[in-house]
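This report walks through one chain, from single residues to the overall fold. Please look over the sequence and the structure before reading on.

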Amino acid sequence: MATDAEYGPHLRKLFRPLMTGVGPIEAALAMGQACASMKQSGGLPDVVVSLGSAGSRRCALGEVYQVSTVSWRDMDASRIGFPKGVTPFLGQPAEISLSTPLRLETARLSTGANIVGGEAFAAIDADIVDMETYAVARACQGFGLSLIGLRGISDGPGEIDGITGWTDLLPLLDQRLADAVNLLPEALMQVEDAPHQPAVRTSF
């Protein structure tokens, strides 16, 4: 998770998260350091869950969505011939697919270093926006980890009116994100039991 503001009493009953800080740079740094430390100690997880709030003008306020793909809206090397969103010389597409084991509605997510509101959504090819998930996904890729993204819609489609435009719905999202997290053990066990699927160790 990015910040304590999103980590309410319902989620606090379930787990203690890695807090990455806000934005893609902080998230990549925190996740990369955590993965390196866990690998050194022999304790890498099978699955990472990135969760918190997001903005949208397409998805319903107060609802939780499962992230199907994530992209990086800040990356634009189109002046030298790369499609917008594609990192030069990396050899991967603009959108990264994530694991979607839950029976929740899915959404395409765009990560960037800005808070989006109002008409700025029109320029973004995604259903929802946040500031961390792509960075977490890239760190997970570097360590061979599967990532699940869960995001509750806290703001949009209109312009955000100060910080309360983000925080007003966080108590509701805390409860609904906790409900989604509670679905994970059974869903991951079903993945584990499915034929031709690698085993997944779960710990909650």
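With which side chain does the side chain of Asp155 make a polar contact? The partner is the side chain of Ser154, at 2.7 Å. The model is a predicted one.

## Asp155 in strand β6

Asp155 belongs to strand β6, which covers residues 146-155. Asp155 is buried but has no salt bridge. Arg73 offers the nearest side chain of opposite charge, and that is 9.3 Å away. A salt bridge needs a nitrogen-oxygen pair within 4 Å.

Neighbours within four places in sequence aside, Asp155 is in contact with Ala54, Gly55, Ser56, Leu61, Val116, Ile160, Gly165 and Trp166.

## Overall fold

The chain has five helices and six strands. Read from the N terminus, the order is α-α-β-β-β-β-β-α-β-α-α. The radius of gyration is 17 Å, close to the 17 Å that the globule rule gives for 204 residues, so the chain is as compact as a globular protein of that length.

Along the principal axes, the C-alpha atoms fill a box of roughly 45 × 45 × 30 Å. Of the 204 residues, 44% are buried. Contacts between residues at least 6 apart in sequence were also counted: 71% of them join residues at least 24 apart.

## Salt bridges

The salt bridge count is seven. One of them joins Arg57 and Glu119, with the closest N and O atoms 3.9 Å apart. This pair links distant parts of the chain, 62 residues apart. Arg57 sits in the loop between β1 (47-55) and β2, and Glu119 in the loop between β4 and β5 (128-130). Arg57 is partly exposed, at 39% relative accessible area. Glu119 is exposed, at 65%.

Arg176 forms a salt bridge with Glu63, at 3.1 Å between the closest N and O atoms. Here the partners are 113 residues apart: Arg176 is in helix α5 (residues 170-193), Glu63 in the loop between β1 and β2. Arg176 is partly exposed at 31% relative accessibility, and Glu63 is partly exposed at 35%.

Arg151 pairs with Asp130, the closest N and O atoms being 3.4 Å apart. Arg151 lies in strand β6 and Asp130 in strand β5, so the salt bridge ties together parts that are 21 residues apart in sequence. Both Arg151 and Asp130 are buried. Elsewhere, salt bridges link Glu95, Arg108 and Asp125 in a network.

## Helix α3 and the cysteines

Helix α3 (residues 133-142) is mostly covered, with seven of its 10 residues buried. These are Thr133, Tyr134, Ala135, Val136, Ala137, Ala139 and Cys140. Just after α3, Gly144 has a positive phi of about 70°.

The structure contains zero disulfides. Why does Cys140 form no bond with Cys35? Cys35 holds the closest cysteine sulfur, but at 5.4 Å from the sulfur of Cys140 it is too far for a bond. Cys140 is buried at 1% relative accessibility. Cys59 is buried too, at 14%.

## Thr111 and Phe89

Thr111 is part of strand β4 (residues 106-111). With 0% relative accessibility, Thr111 is buried. Beyond four places in sequence, the contacts of Thr111 include Pro24, Val70, Trp72, Arg73, Asp130 and Tyr134.

Phe89 is not a glycine, yet has a positive phi of about 65°. Phe89 is placed in the loop between β2 (64-72) and β3 (96-97). The residue is exposed, with a relative accessible area of 75%.

Notes: Residues are numbered from 1 along each chain as its sequence is written. This is a predicted model: local features need pLDDT of at least 70, side-chain atom pairs count only at pLDDT 80 or more; totals for chains, interfaces and linings use all residues. Side-chain values use heavy atoms; hydrogens and water are left out. Helices (H or I, at least four residues) and strands (E, at least two) are DSSP runs, numbered from the N terminus. Buried means under 20% relative accessible area, exposed over 50%, partly exposed in between (1.4 Å probe, protein chains only). Lys and Arg count as positive and Asp and Glu as negative; His and the chain ends are not counted. A polar contact is a pair of N or O atoms within 3.5 Å; within protein, one must be able to donate a hydrogen and the other to accept it, and residues adjacent in sequence count only if both atoms are side-chain atoms. Contact means heavy atoms within 4.5 Å. A disulfide is a pair of cysteine sulfur atoms within 2.5 Å. The radius of gyration is taken over C-alpha atoms; the globule rule is 2.2 Å times the number of residues to the power 0.38.
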